[in-house]
Amino acid sequence: MSPRASADVSTNGAVKPEAGKRRRVHQSTPENERAILEAVLQLAVKVGYEGTTMAEVARVAGLPIGSVYWHFENKEGLFAALIDYCFEHWKTRHRGPENRAILRTSIAGSAANSANPENAHEAFWIIGLLFALEKRLAGNAARQKYLEVREEMYELMVEAVTPGLPAAALSAKPDLARKVVMLGRALTDGFYISASAGDEIDFAEAAELSALAMEKLVQHYADLGASADADQP
């Protein structure tokens, strides 16, 4: 037993009050964890992954740095938890009743608000894209978490989009829902990257134009499906 461990234990094995007090100071609480995640969210949208430090997270959260390490072993674990935290927020807001609404919340909501640090909860797009684009972080736990969450997002969106597609369109192209979601996601990513590069992007207009293009695409396959049905004896 180390001298420090010995100093914390009495002859009958009981823990001295000082050791118990230390544990109570850093005990895990939902409030502290939320404060830490909100702090790293604020920092991430301003200085990114590389610029965020555990010490700065503790300062912004108003907690001892020991509390940050008590909840999260390292920065990778902290950002992995942040990805989950952002995703839970996303799931409550980005499930539209039809394709146009989905694109509006995706492009005019996520991408547009990601460009504004005041809308930190939409930072899922900023943080995720940084991890996706940075190949150097291939073994990073937070990057892996983002890729897993991105795949789950994809399946949720396919589930949301499918009921709004005409049966004739699905008959002509059974995987149309997946193609629509793939295209919508690429547009959302692309508009955000374009704005980050300094291009002037009207996100609301971009969402409407994208929705119109998507509707034309869906109608194209609906017409093909209807034509094929009409040709059958």
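Student: Which residues is Thr52 in contact with, leaving aside its neighbours within four places in sequence?

Tutor: Happy to start there, with a reminder that this is a predicted model. Thr52 touches Val40, Leu43, Ala44, Val47, Val57, Lys75 and Phe79. Thr52 itself is placed in the loop between helix H3 (30-51) and helix H4 (54-61).

Student: Why is Thr52 called buried?

Tutor: The relative accessible area of Thr52 is 1%. Buried means under 20%, so Thr52, at 1%, earns the word.

Student: What makes the approach of Thr52 to the backbone oxygen of Gly48 a polar contact?

Tutor: The side chain of Thr52 reaches that oxygen at 2.7 Å. The limit for a pair of N or O atoms is 3.5 Å, with one able to donate a hydrogen and the other to accept it. The value of 2.7 Å is within that limit, so the distance condition is met.

Student: How many aromatic pairs does a search of the whole structure find?

Tutor: The search finds one. That pair is Tyr49 with Phe79, and its geometry is edge-to-face.

Student: Why is the pair of Tyr49 and Phe79 called edge-to-face?

Tutor: A pair of aromatic rings is described by two things, the distance of the centres and the angle of the planes. For Tyr49 and Phe79 the centres are 4.8 Å apart and the planes are at 75 degrees. Centres must lie within 6.5 Å for a pair, and planes over 60 degrees apart count as edge-to-face. Both values satisfy these conditions, so the name follows.

Student: How do you know that this pair links distant parts of the chain?

Tutor: Tyr49 belongs to helix H3 and Phe79 to helix H6 (residues 75-93), and they are 30 residues apart. Both residues are also buried.

Student: What makes Lys75 count as lying over the face of Tyr49?

Tutor: Lys75 is at 4.5 Å from the ring centre of Tyr49. The cut-off for the distance is 6 Å, so 4.5 Å passes it.

Student: Which residues have the most contacts inside the largest nonpolar core?

Tutor: They are Ile36, Val57, Leu78, Phe79, Leu82 and Ile127, in a core of 45 residues. Helices giving two or more residues to it include H3, H4, H6 and H9, and H9 gives the most, with nine. Val57, from that list, is in contact with Ile36 and Leu78, among others, when neighbours within four places in sequence are left aside.

Student: Why does Met153, in helix H9, count as buried?

Tutor: Its relative accessibility is 6%. That value is under 20%, so Met153 counts as buried.

Student: How do you know that the buried residues of H4 are on the same side of the helix?

Tutor: The buried residues in question are Met54, Val57, Ala58 and Ala61. They cover an arc of only 100 degrees around the axis, which means that they share one side of H4. After H4 comes Gly62, with a positive phi near 70 degrees.

Student: How many helices and strands are there in the protein chain?

Tutor: The chain has twelve helices and zero strands. Of its 233 residues, 41% are buried. Among contacts with a separation of 6 or more, 66% come from residues 24 or more positions apart.

How values were computed: Residues are numbered from 1 along each chain as its sequence is written. This is a predicted model: local features need pLDDT of at least 70, side-chain atom pairs count only at pLDDT 80 or more; totals for chains, interfaces and linings use all residues. Side-chain values use heavy atoms; hydrogens and water are left out. Helices (H or I, at least four residues) and strands (E, at least two) are DSSP runs, numbered from the N terminus. Buried means under 20% relative accessible area, exposed over 50%, partly exposed in between (1.4 Å probe, protein chains only). Contact means heavy atoms within 4.5 Å. Rings of Phe, Tyr and Trp (its six-membered ring) pair if their centres lie within 6.5 Å; planes under 30 degrees apart count as stacked, over 60 as edge-to-face and the rest as tilted. A charge sits over a ring if NZ of Lys or CZ of Arg is within 6 Å of the ring centre and within 35 degrees of the ring normal. A nonpolar core is a set of buried Ala, Val, Leu, Ile, Met, Phe, Trp, Tyr and Cys residues joined through side-chain atoms within 4.5 Å. The arc is that of the directions from the helix axis to the C-beta atoms.
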